[in-house]
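Biologist: I should like to learn how the features of such a model are read. Could you take me through them in turn?

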Amino acid sequence: MIQLREHQITVLDTLQDNRKGQVIVPTGGGKTMCMIEDAKYQFTRNNVSKTIVIVAPRILLAHQLCEEFDEHILVNPMLQYQILHVHSGETHHYSTTKSDAIAQWTKDNYRYNKLIFTTYHSLHRIQEADIDVDTIYFDEAHNSIQKNFIEAVEYQSMYANRCYFFTATPKHSKTPFKVGMNDEDIYGKVLVNVPAPKLVDEG
């Protein structure tokens, strides 16, 4: 049983009360575990299968996130889930970057909870698949402001039921001609901002 720290419990409680927003936690503060615990809670709600998307800046990190989710989320038979990777890297899980294959995989696994691991570079493929996303977590979300990513990010911000941006280093824009994380229409408000000294105080 994972013992969550005080700031992680605060994050989880806050996510339950807000459908979109930013979670600012310093490096080493356990952002991934917050995502995992939130996903576990979502998987047990309402006895309805959920689709959860996890977005990483690099393929290697997508693999690492998948390993951590897979290690910690399988705690009881109610949490049966299937895993899909949407990027160009190799994995022993089912993987595709074709939008029609993503849509078909989602239909084939309608009875199961679903975890989809992707990268910012491939996120538009999920948009093109036109699937319903219950929750999406953007890891290292400061990467999402790049011009070639922002259209798919904005789409998920609008249409996913729940949408959260996790980062230690939010990037803001001082001009309306360039997107920054201070654009609340896309990124929502800052829901939690954990100062580094708090992590030190918690050990």
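## From one residue to the whole chain

Modeller: Let us start with His63, whose relative accessibility of 19% places this residue in the buried class. Buried means under 20% relative accessible area, exposed means over 50%, and partly exposed lies in between, with a 1.4 Å probe and protein chains only. This is a predicted model, in which local features need pLDDT of at least 70 and side-chain atom pairs count only at pLDDT 80 or more, while totals for chains, interfaces and linings use all residues. Residues are numbered from 1 along each chain as its sequence is written, and side-chain values use heavy atoms, with hydrogens and water left out.

Biologist: In which helix is His63 found, and with which residues is His63 in contact beyond its neighbours within four places in sequence?

Modeller: Helices (H or I, at least four residues) and strands (E, at least two) are DSSP runs, numbered from the N terminus. His63 belongs to helix α3, which covers residues 59-72. A contact means heavy atoms within 4.5 Å. With neighbours within four places in sequence set aside, His63 touches His85, His87, Glu90 and Thr91. Its C-alpha lies 9.2 Å from that of Thr118, although 55 residues separate the two in sequence.

Biologist: Leu60 is also found in helix α3. Is Leu60 buried or exposed?

Modeller: Leu60 is exposed, its relative accessible area being 58%. From Leu60 to Gly89 the C-alpha distance is 8.3 Å, across 29 residues of sequence.

Biologist: How does one read a residue such as Phe117, placed in strand β5?

Modeller: One first asks for its accessibility, then for its contacts. Phe117 has 0% relative accessibility and therefore counts as buried. Outside its neighbours within four places in sequence, its contacts include Ile54, Ala62, Leu65, Cys66 and Phe69. Ile83, Leu84, His85, Val86 and His87 are also among the contacts of Phe117. His85 and His87 are likewise among the contacts of His63. By contrast, Phe117 and Thr169, 52 residues apart in sequence, are 22 Å apart in space, C-alpha to C-alpha.

Biologist: Which residues of helix α4 are buried, and against which elements do they pack?

Modeller: Helix α4 spans residues 99-108, and its buried residues are Ala101, Ile102, Ala103, Trp105 and Thr106. They pack against three strands, β3 (81-86), β4 (94-95) and β5 (113-119), and against helix α5 (123-129).

Biologist: What is the relative accessible area of Thr10?

Modeller: The value is 37%, so Thr10 is partly exposed. Thr10 sits in helix α1, residues 6-17. Between Thr10 and Cys34 there are 9.7 Å from C-alpha to C-alpha, at a sequence separation of 24 residues.

Biologist: Which phi values belong to Asn46 and Asp130?

Modeller: Asn46 is not a glycine, yet its phi is positive, at about 65 degrees. This residue, Asn46, lies in the loop between α2 (31-43) and β2 (51-56), and with 54% relative accessibility it is exposed. Asp130, also not a glycine, has a positive phi of about 55 degrees. Asp130 is placed in the loop between α5 and β6 (135-138) and is exposed at 58% relative accessibility.

Biologist: How many aromatic pairs are there, and which residues form a cluster?

Modeller: Rings of Phe, Tyr and Trp (its six-membered ring) pair if their centres lie within 6.5 Å; planes under 30 degrees apart count as stacked, over 60 as edge-to-face and the rest as tilted. This rule gives 9 aromatic pairs. One cluster consists of Tyr120, Phe138, Phe149, Phe165 and Tyr187.

Biologist: How many helices and strands does the chain have, and how compact is it?

Modeller: The chain has 8 helices and 8 strands. Its radius of gyration is 16 Å, close to the 17 Å of the globule rule for 203 residues, so the chain is as compact as a globular protein of that length. The radius is taken over C-alpha atoms, and the rule is 2.2 Å times the number of residues to the power 0.38. Along the principal axes, the C-alpha atoms fill a box of roughly 45 × 45 × 30 Å. Of the 203 residues, 53% are buried. Among contacts with a separation of 6 or more, 74% join residues 24 or more positions apart.
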